[in-house]
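Open the model in a viewer and keep the sequence panel visible. The stops below are meant to be selected one after another.

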Amino acid sequence: MPRLSGVAAMTAAMVMLTAPGTAGASRTENERAEAAMTKAINGVRAQHGLAAMRRSGSLSDSAGRYSRWLLANDTFGHLSRIRASSRFALLGEALAWHSGRRFSVRHTLNRWMASPGHRAIVLSPVMRWQGTGVTRGRMGAMRATVWVLHVGRIHPPGVNLPNPRLP
């Protein structure tokens, strides 16, 4: 019986040693592109003396869902509301699309930086959390890639921010 326990323990140790190496390799192409976009955005922020944005699961899920919805509905534009965690006091959004199936991370970021409104979102010192979503598919008859960047600021504890909704 002790010999069997030793074999089981050795097998468990081997599984534990190999599992972390396969975790990164199992990411999808989209997840790798989204991670590259996050790295590129934080690189631009660093060039401008700003802190890196942290990845938010809620904002990433929201951005991914919205990029898929845009292509599924053959449309492109902002909605009146970003569906993310209520812990965010402020939210912002940048959208981009281009023809073809390449992710074109650098090209997309350069286009955002060339647009004053999108540049303000990428370089906002107030927004500290981000999530990106990218989807490839068809927009009409054209192959297209859609990027969504959602950014947010978490509501500071004990601070009540004004409600920006109009009466």
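The tour begins with the whole chain and then moves to single sites.

**Whole chain**

This is a predicted model. Colour it by secondary structure: the protein has five helices and four strands. Followed from the N terminus, the elements come in the order α-α-β-α-β-α-α-β-β. Now switch to colouring by accessibility. Of the 167 residues, 34% count as buried.

**Helix 3 and its ring pair**

Select residues 57-72, which make up helix 3, and show the side chains of Tyr66 and Trp69. How many aromatic pairs does a search of the whole structure find? It finds one, and this pair is formed by the rings of Tyr66 and Trp69. The ring centres are 5.8 Å apart and the planes meet at 15 degrees. Planes under 30 degrees apart count as stacked, so the pair of Tyr66 and Trp69 is classed as stacked.

The spacing along the chain is worth checking too. Tyr66 and Trp69 are three residues apart in helix 3, which means that about one helical turn separates them.

Add the surface to the view. Which of the two residues is buried, and which is partly exposed? Tyr66 is buried, at a relative accessible area of 8%, whereas Trp69 is partly exposed, at 37%.

**Two loop residues with positive phi**

Go next to Asp74, in the loop between helix 3 and strand 2 (88-99). Its backbone is the point of this stop: Asp74 has a positive phi of about 50 degrees, although it is not a glycine. The relative accessibility of Asp74 is 45%, so it counts as partly exposed.

Then select Ser104, on the other side of strand 2, in the loop that leads from this strand to helix 4 (105-114). Ser104 also is not a glycine, and it has a positive phi of about 50 degrees. With a relative accessible area of 28%, Ser104 is partly exposed.

**The arginine patch**

For the last stop, select Arg54, Arg87, Arg128 and Arg153 together and show them on the surface. What do they form there? These four arginines gather in a patch of positive charge.

Centre the view on Arg153 to finish. Arg153 belongs to strand 4, which covers residues 142-154. Is Arg153 buried or partly exposed? The relative accessible area of Arg153 is 31%, so it is partly exposed. A patch takes in residues with over 30% relative accessible area, and Arg153, at 31%, meets that cut-off.

Technical notes: Residues are numbered from 1 along each chain as its sequence is written. This is a predicted model: local features need pLDDT of at least 70, side-chain atom pairs count only at pLDDT 80 or more; totals for chains, interfaces and linings use all residues. Side-chain values use heavy atoms; hydrogens and water are left out. Patches are made of residues with over 30% relative accessible area and no salt bridge: like charges are joined within 9 Å, nonpolar side chains (Val, Leu, Ile, Met, Phe, Trp, Tyr) within 5 Å. Accessible areas come from the Shrake-Rupley method with a 1.4 Å probe; for residues, only the protein chains shown count as cover. A salt bridge is a side-chain nitrogen of Lys or Arg within 4 Å of a carboxyl oxygen of Asp or Glu. Lys and Arg count as positive and Asp and Glu as negative; His and the chain ends are not counted. The place of a charge is taken as NZ of Lys, CZ of Arg, CG of Asp or CD of Glu. Buried means under 20% relative accessible area, exposed over 50%, partly exposed in between (1.4 Å probe, protein chains only). Rings of Phe, Tyr and Trp (its six-membered ring) pair if their centres lie within 6.5 Å; planes under 30 degrees apart count as stacked, over 60 as edge-to-face and the rest as tilted.
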